[in-house]
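I opened the notebook with a few things to look up: one helix, the ligand site and a single loop residue. The entries follow in the order I checked them.

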Amino acid sequence: MVEIGTPFTPRGRKALLLGSGELGKEVAIELQRYGIEVVALDKYPNAPAMHVANRSIVVSMLDGEALRKIVEEERPDYIIPEIEAIATKTLIELEKEGWNVVPTARATFITMNRREIRNLAAVELGVPTSPFEFADTEEEYLEAVKQIGIPCVVKPVMSSSGHGQSLVREQSQVADAWREAQEGGRAGGGAVIVEGFVDFDYEITLLTVRHAGGTSFCEPIGHYQKNGDYQRSWQPQPMSAKALEKAREIAAKVTGALGGYGIFGVEFFIKGDDVIFSELSPRPHDTGMVTLISQHLSEFSLHVRALLGLPIPEIKFYGPSASRALLAEGNSSDIVFSGMEEALSIPGTDMRIFGKPEVKGHRRMGVMLATGSDVQDACEKVEKAAAIINIDVK
Ligand code: AMP
């Protein structure tokens with residue numbers, strides 16, 4: 001039996017959110033809807049989820065000792081990672097001591113490291129992936145490129161959102177790709193993965209939720225990436241019944257091996273009826289922001305329902321929808337949005353402004369959402385509405 005007490009009383013429930021970005025903000029809102037106290041962590045003040053949390057703490061979540069101290073002081077019922085860059089070894093220890101990590105500490109550890117997730121998916125579970133080799137030194141890297149062949153994709157073993165990633169199309173780019181990976185990796189250089197380039201027809205995120213009643217899937221989400229970062233997503237991505245069935249089978253297998261309750265963003269490349277597993281996040285996925293308009297339970301409410309042990313008997317899909325990242329460029333903390341009156345006058349549109357406190361270079365500051373008569377209509381509408389929004393970075 002799930003029991004939720006009154007917040008701030010001994011039987012009240014508390015969640016510790018590790019990462020307070022735009023995805024964490026929506027998770028915090030969903031937790032609040034169930035009367036769960038939220039303590040939001042991030043390395044900088046006024047991060048989006050902190051705006052809607054009960055309290056916030058500024059800390060580096062890569063600092064295992066600091067993280068442990070906060071857990072022991074706060075005594076949360078749920079520890080919810082929102083980002084990859086966390087001291088996952090500390091999470092594993094904390095879980096062993098009885099703390100509840102969503103979905104599991106092992107899932108957060110395995111998915112933050114490309115070596116671990118490839119070993120699980122491709123080697124242990126035999127799931128189809130791009131051909132790959134790992135390299136710890138430049139010498140091993142050159143050998144790996146020879147083995148895989150050109151074109152290939154080079155990525156730091158630990159990185160996300162395209163950081164340090166390059167596509168090598170010809171021999172002359174091999175040395176630069178190594179340098180790029182050394183500079184862009186989270187741990188400040190080191191090991192890389194060399195992947196065979198997959199000439200896919202399209203790529204999808206299959207949101208997969210593991211909950212008390214089993215495993216459920218959202219409609220597949222198509223997306224367009226630039227420099228490894230998501231620009232636009234749409235749902236449903238049209239695909240053959242055969243490919244969808246394969247993707248669901250693989251997603252169930254990999255998430256089943258990771259275990260726990262929560263939502264997973266499982267990424268695939270699709271070519272014809274071939275389905276190639278790429279990677280996954282054991283948490284809401286940025287391309288899944290489209291579910292803020294397309295489903296009666298968004299990926300955030302599904303995550304919270306699942307982690308609370310509550311049922312998910314159905315995921316009602318409202319129809320073709322799209323999302324568009326609203327990006328800003330510049331260097332300032334004086335950021336002003338305008339154009340909302342005109343953009344939101346387009347029927348079937350909605351938006352979120354994340355409230356990030358500053359821009360340094362290039363940053364995702366909001367998202368435009370739209371429904372349409374079909375996927376193309378939803379995509380055109382979302383682009384049109386997004387183009388009207390002006391983000392003034394003083
Ligand atoms: P990742 O950070 O691994 O999700 O990669 C970001 C994006 O780069 C993907 O969504 C793809 O668009 C592209 N990409 C990554 N790996 C490959 C690959 N092996 N072949 C082709 N495109 C890739």
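Before sorting residues I fixed the cut-off: I call a residue exposed when its relative accessible area is over 50%, and buried when it is under 20%. I also kept in mind that this is a predicted model.

**Entry 1: helix H5**

I began with the outward side. Val123 and Glu124 of H5 turn out to be exposed. On the other side I went through residues 114-124 and found Arg114, Ile117, Arg118, Leu120, Ala121 and Ala122 buried. Why do I say that they line one face of the helix? Looking down the axis of H5, I see the buried residues fall within an arc of 165 degrees, so they share one face. As a reminder to myself, residues three or four places apart in an α-helix point the same way, because there are 3.6 residues a turn.

Next I asked what covers the buried residues of H5. My list includes two helices, H4 (105-111) and H8 (241-258), along with strands E5 (132-135), E6 (152-156), E8 (192-196) and E14 (274-281).

Then I checked both ends. At the start of H5, Asn113 has a side-chain oxygen within 2.8 Å of the backbone nitrogen of Arg115. Just after the helix, I noted a positive phi of about 70 degrees at Gly126.

**Entry 2: the ligand**

How many residues surround the ligand? I got 15, with Lys155, Glu195, Val198, Glu203 and Glu279 the closest. Sorted by class, the shell has six charged, five nonpolar and four polar residues.

I wrote down three polar pairs. A polar side-chain atom of Lys155 sits 2.6 Å from a ligand oxygen. For Val198 the partner is a polar backbone atom, 2.8 Å from a nitrogen of the ligand. Glu279 has a side-chain N or O atom 2.6 Å from an oxygen of the ligand. As for cover, the ligand taken alone exposes 480 Å², and the protein buries 92% of that. Which elements give two or more residues to the shell? I found E6, E8 and strand E13 (262-271). I had already met E6 and E8 among the elements covering the buried residues of H5.

**Entry 3: Gln237**

Last, I looked at the loop between strand E12 (229-235) and H8, where Gln237 is found. Is Gln237 buried or exposed? I have it as buried, with a relative accessible area of 9%. Setting aside neighbours within four places in sequence, I listed its contacts: Gln237 touches Tyr202, Ile204, Pro220, Ile221 and Gly222.

Technical notes:
Residues are numbered from 1 along each chain as its sequence is written. This is a predicted model: local features need pLDDT of at least 70, side-chain atom pairs count only at pLDDT 80 or more; totals for chains, interfaces and linings use all residues. Side-chain values use heavy atoms; hydrogens and water are left out. Buried means under 20% relative accessible area, exposed over 50%, partly exposed in between (1.4 Å probe, protein chains only). Helices (H or I, at least four residues) and strands (E, at least two) are DSSP runs, numbered from the N terminus. The arc is that of the directions from the helix axis to the C-beta atoms. Contact means heavy atoms within 4.5 Å. A polar contact is a pair of N or O atoms within 3.5 Å; within protein, one must be able to donate a hydrogen and the other to accept it, and residues adjacent in sequence count only if both atoms are side-chain atoms. A residue is near a molecule or strand if one of its heavy atoms lies within 4 Å of it. Accessible areas come from the Shrake-Rupley method with a 1.4 Å probe; for residues, only the protein chains shown count as cover. Ala, Val, Leu, Ile, Met, Phe, Trp, Tyr, Cys and Pro count as nonpolar, Asp, Glu, Lys and Arg as charged, and the others, Gly among them, as polar.
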